[in-house]
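Got your viewer open? Here's a short tour, one selection at a time.

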Amino acid sequence: MEIKLKGKAAIVTICHDPDPDPEPLTSSCCSIAALAFLTVNTLVSLVRARNDLPAAAFVVSVYAVLMLLYWCLHAVEKMPEDSPRRERLKLPVWALATTLNFLFAYRVSAMLPATLGWLVWGLAGACCAATFYALLLYDAGDAKYATRCKIEVWSGSEPVLAEEV
């Protein structure tokens, strides 16, 4: 966040490009904590589903897909922006995210009436299509002003300052 003072008005800029190198210690500690939490919850779910083979298979499948998705996203995060390998990893990321989405749709739709179940499947399909477009078809190079914001500061009924950041 950036704050500039101009006369009696203050300009607060909240839209900015994220720091390309977040603090590695914080990032890795949060990742380790999240993965440990997920692993403990998976083990607890497996113990609770020890006599229910379909539920145990669902838990193991979701955990495996999440681990693969985490690994792919971590690899993409570490690569330079213009890396060809980064572009190649978009398809596996999409496939894993779609698999996870449809796994949850399957589980939820089984608990709902048929009409709502179809709605859940339709939403999962719409998310799949939107994610496919966003990750694989959309060219972000056309969005020149994707990270720009216009900040206006008003004093009473008139603008004191308008600035594009």
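Before the first stop, a bit of vocabulary: a pocket here is an open set of grid points with protein on both sides within 12 Å along at least five of seven lines, and a residue counts as lining if it has an atom within 4 Å of a point. Keep in mind that you're looking at a predicted model.

**Stop 1: a pocket.** Select L73, V76, E77, E81, R86, E87, K90, V93 and L135, which line the second largest pocket. Three helices each give two or more residues to that lining: α2 (53-78), α3 (84-88) and α4 (90-109). Of the elements, α2 gives the most, with three residues. The volume of this pocket comes to about 180 Å³. Now colour the lining by residue type: what is the split between nonpolar, polar and charged? You should find four nonpolar, no polar and five charged.

**Stop 2: the annotated stretches.** Next, select 29-47, 53-73, 93-112 and 118-138, which an unreviewed UniProt entry lists under "transmembrane region". Zoom in on 53-73 and you'll see 100% helix and 0% strand, with the end C-alpha atoms 30 Å apart. Then hop over to 93-112, where the chain is 85% helix and 0% strand and the end C-alpha atoms are 29 Å apart.

**Stop 3: a nonpolar patch.** Finally, switch on the surface and pick V108, M111, L112, L116, L119 and L123, which form a nonpolar patch there. Together these residues have about 550 Å² of accessible area. Which helix gives the largest share of the patch? Go to α5 (residues 114-137), which supplies three residues. While you're on that helix, click L119, which lies in α5.

Conventions
Residues numbered from 1 in each chain as written. Predicted model: local features only at pLDDT ≥ 70, side-chain atom pairs only at ≥ 80, totals over all residues. Heavy atoms only, no water. 1 Å grid on protein atoms, 1.4 Å probe; cavity = no way out; pocket = protein on both sides within 12 Å on 5 of 7 lines; lining within 4 Å. Points joined across faces, edges and corners; volume = space filled by probe spheres on them. Helix = DSSP H or I, 4+ residues; strand = E, 2+ residues; numbered from the N terminus. Nonpolar A, V, L, I, M, F, W, Y, C, P; charged D, E, K, R; others polar. UniProt positions renumbered as here; feature names shortened; annotations may be inferred. Patch = residues over 30% accessible without salt bridge, like charges linked within 9 Å, V, L, I, M, F, W, Y side chains within 5 Å. Areas by Shrake-Rupley, 256 points an atom, 1.4 Å probe, with all protein chains shown as cover. Salt bridge = Lys/Arg side-chain N within 4 Å of Asp/Glu carboxyl O.
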